[in-house]
Amino acid sequence: AEGYGFYWIIIETLSMEEGYKLIMSKKSTWGVLAKRTCSNPDTIKEFVKDCIEDFELFDSDGETFWSNSLNKRLAKRDIKTEKARIKKLMGQVLPK
């Protein structure tokens, strides 16, 4: 159950980051995740490593890690948000 909680806390954290990615070389990445999961940085690093290498839940380029599944869902949301924003702007520009 602990891993399940870690996973969803990481997903939530990724969703709040620009580009929906976390930088692996920053100590603050691991500190924030450790604090949010009530664990320690080494435990979270190992968990993320396992999620990348063993379970293929996250992907990494060696510098950052992300969730392709999350990115797909948020891309759909971002498109809808942008369409709504444009529609609102067009309504303000065009006479009624």
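Colleague: In this predicted model, which residues does Leu33 touch, not counting residues up to four places away in sequence?

Modeller: Leu33 is among the residues that touch the most other members of the largest nonpolar core. Nonpolar side chains tend to be buried together in soluble globular proteins. With residues up to four places away in sequence left out, the contacts of Leu33 are Ile10, Thr13, Leu22, Ile44 and Phe65.

Colleague: Which helices each supply at least two residues of the largest nonpolar core?

Modeller: The largest nonpolar core has 19 residues, and Ile10, Leu14 and Ile44 are among those touching the most other members. The helices that each supply at least two residues of this core are α1 (2–15), α2 (27–37), α3 (41–53) and α4 (68–93).

Colleague: Is Glu53, which meets Lys49 in a salt bridge, buried or exposed?

Modeller: Lys49 and Glu53 lie four residues apart in helix α3, about one turn of the helix. Their side chains meet in a salt bridge at 3.4 Å, N to O. Lys49 has a relative accessible area of 37% and is partly exposed. The relative accessible area of Glu53 is 52%, and a residue over 50% counts as exposed, so Glu53 is exposed.

Colleague: How far apart are the closest N and O atoms of Glu82 and Arg85?

Modeller: Side chains of opposite charge can pair when their charged atoms come close. Glu82 and Arg85 are three residues apart in helix α4, so about one helical turn separates them. Glu82 is partly exposed at 34% relative accessibility, and Arg85 is partly exposed at 43%. In the salt bridge between Glu82 and Arg85, the distance between the closest N and O atoms is 2.7 Å.

Technical notes:
Residues numbered from 1 in each chain as written. Predicted model: local features only at pLDDT ≥ 70, side-chain atom pairs only at ≥ 80, totals over all residues. Heavy atoms only, no water. Core = buried A, V, L, I, M, F, W, Y, C linked by side-chain atoms within 4.5 Å. Buried < 20%, exposed > 50% of the residue type's maximum accessible area, 1.4 Å probe, protein only. Contact = heavy atoms within 4.5 Å. Salt bridge = Lys/Arg side-chain N within 4 Å of Asp/Glu carboxyl O.
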